Amino acid sequence: MGVPAFAYYEYEQKRKEYVVLIPVINEGERILKELYRAYKHQIADHADIVICDGGSTDGSLEERKLRKLSVNTLLVKKDKGKQGAQLRMGIYWALRRGYRGVITIDGNHKDSIEDIPRFIRKLEEGYDLVQGSRFARGGRAVNTPFVRNIAVRLIHAPVISLTAGQRFTDTTNAYRAYSARYLSDDRVAPLRDIFMTYELLAYLSVRATQLGYRACEIPVTRAYPRRGKTPTKISFLKGNSELMKILFLNFLGAYNP
């Protein structure tokens, strides 16, 4: 099975029917601000919060801090791979624990984590893929870098929409939800070593509707800081070229089981 080696630190048993997976690596104050925002909005009353750490060394994930901010479990990857490996680790944990659905969100404090209950409502309505979109009606795109805005709207979203057979508007956004039945389907098979970086996000964006699962978008807020370095792990040249390669391999069905 394609699950990276990992350690786990379980602060509480499973409490809720849904889980929020937050992949991070050296996010520093950003992840703590995000967790405080979740704490302020009582997100742990709706879903268990699980951190999927890629091997942070900045001291931001101390147990005392995480417990105080209502984190349920810390998973720490001990294997190769980036975001895709972290999400596989989290999905494995979620399915093993028997959650009904999984919500994923970046750990860099750009997203409106207070909208978690809206994702859960859509899962309970029977949707299997719920994509958060800053560009959907009611969503907010705050200080989105110009190049990122153009790339998502004119390249990434149209190609993903064509591949999925359904229109999506914010396809690079990792703020989304999946039903357990979708993730458990052998025709989906997300726990494979082929998913190391951003392949899994692109693949799960299109596989649902290809297999007849129900998918929708809901409005969210994604806010970039007005000043300073853009919080992203995607480098301008190498990172974006890798995203384009993944996008078109996905279009060709290269990630299908």
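A polar contact is a pair of N or O atoms within 3.5 Å; within protein, one atom must be able to donate a hydrogen and the other to accept it. With that term in hand, the tour of this predicted model can begin.

**First stop: Thr169**

Select Thr169 and Ser133. Their side chains are joined by a polar contact of 2.6 Å. Thr169 belongs to the loop that runs between α5 and β8 (176–179). Is Thr169 buried or exposed? Its relative accessibility is 11%, so Thr169 counts as buried, the cut-off for that class being under 20%. Next, display the surroundings of Thr169. Leaving out residues up to four places away in sequence, Thr169 touches Ser133, Phe135, Ala136, Val152, Ala157 and Glu217.

**Second stop: helix α5**

Two of those contacts, Val152 and Ala157, lead into α5, where both are listed among the buried residues. Select residues 146–164 to show the whole helix, which has 19 residues. From the first C-alpha to the last, α5 reaches 26 Å, close to the 27 Å expected at 1.5 Å a residue. Where is the kink in α5 centred? The place to look is Val152, and the bend is about 45°.

Now colour the buried residues of α5: Arg148, Val152, His156, Ala157, Val159, Ile160, Ser161, Thr163 and Ala164. When viewing such a pattern, it is useful to recall that an α-helix has 3.6 residues a turn, so residues three or four places apart point the same way. Moving past the end of the helix, select Gly165, which follows α5 and has a positive phi, near 75°.

**Third stop: Thr209**

Select Thr209, in helix α7 (residues 199–210). What does the side chain of Thr209 reach? It reaches the backbone oxygen of Ala164, at 2.7 Å. Ala164 is one of the buried residues of α5. Thr209 has a relative accessible area of 17% and is therefore buried, the limit being under 20%. Apart from neighbours within four places in sequence, Thr209 is in contact with Ala164, Gln166 and Ala215.

**Fourth stop: the nonpolar cores**

In soluble globular proteins, nonpolar side chains tend to be buried together. To see this here, select Val19, Leu21, Tyr178, Tyr182, Leu200, Tyr203 and Leu204, which have the most contacts inside the largest nonpolar core, a set of 37 residues. At least two residues of this core come from each of β2 (18–24), β3 (48–53), α3 (83–97), α5, α6 (180–184), α7 and α8 (238–251). Which of these elements gives the most to the core? That element is α7, with seven residues.

Centre the view on Leu200. Residues up to four places away in sequence aside, Leu200 touches Gly84, Leu87, Arg88, Ile91, Pro190 and Phe195. A second, separate core has 34 residues, including Ile22, Ile31, Ile113 and Val130.

**Fifth stop: Ile105**

Select Ile105, in the loop between β5 (101–104) and α4 (116–124). Ile105 is buried, with a relative accessible area of 1%. Add Pro23: although the two residues are 82 residues apart along the chain, their C-alpha atoms are separated by 7.4 Å. Not counting residues up to four places away in sequence, the contacts of Ile105 are Val20, Leu21, Ile22, Pro23, Glu34, Asp111, Ile113, Ala174 and Tyr175.

**Sixth stop: strand β8**

Select β8 and turn it to view each face. Arg176 and Tyr178 lie on one side and Ala177 and Ser179 on the other, and all of them are buried. β5 runs antiparallel to β8 and is joined to it by four bridges; here Val102 stands opposite Tyr178. Strand β6 (residues 129–133) is likewise antiparallel to β8, with three bridges, and Val130 stands opposite Ala177.

**Last stop: strand β4**

In a regular strand the side chains alternate between the two faces of the sheet. Select β4 (residues 73–77), in which five of the five residues are buried. Thr73, Leu75 and Lys77 point one way, whereas Leu74 and Val76 point the other way.

Finally, add the two partners of this strand. Strand β1 (residues 6–10) pairs with β4 in the antiparallel sense over five bridges, and Tyr9 has Leu74 as its bridge partner. β3 runs parallel to β4, with four bridges between them; the bridge partner of Asp53 in β4 is Val76.

Note on methods:
Residues are numbered from 1 along each chain as its sequence is written. This is a predicted model: local features need pLDDT of at least 70, side-chain atom pairs count only at pLDDT 80 or more; totals for chains, interfaces and linings use all residues. Side-chain values use heavy atoms; hydrogens and water are left out. The expected span of a helix is 1.5 Å times one less than its number of residues. The bend at a residue is the angle between axes fitted to the seven residues ending there and the seven starting there. Buried means under 20% relative accessible area, exposed over 50%, partly exposed in between (1.4 Å probe, protein chains only). Contact means heavy atoms within 4.5 Å. A nonpolar core is a set of buried Ala, Val, Leu, Ile, Met, Phe, Trp, Tyr and Cys residues joined through side-chain atoms within 4.5 Å. Two strands pair if DSSP finds at least two bridges between them.
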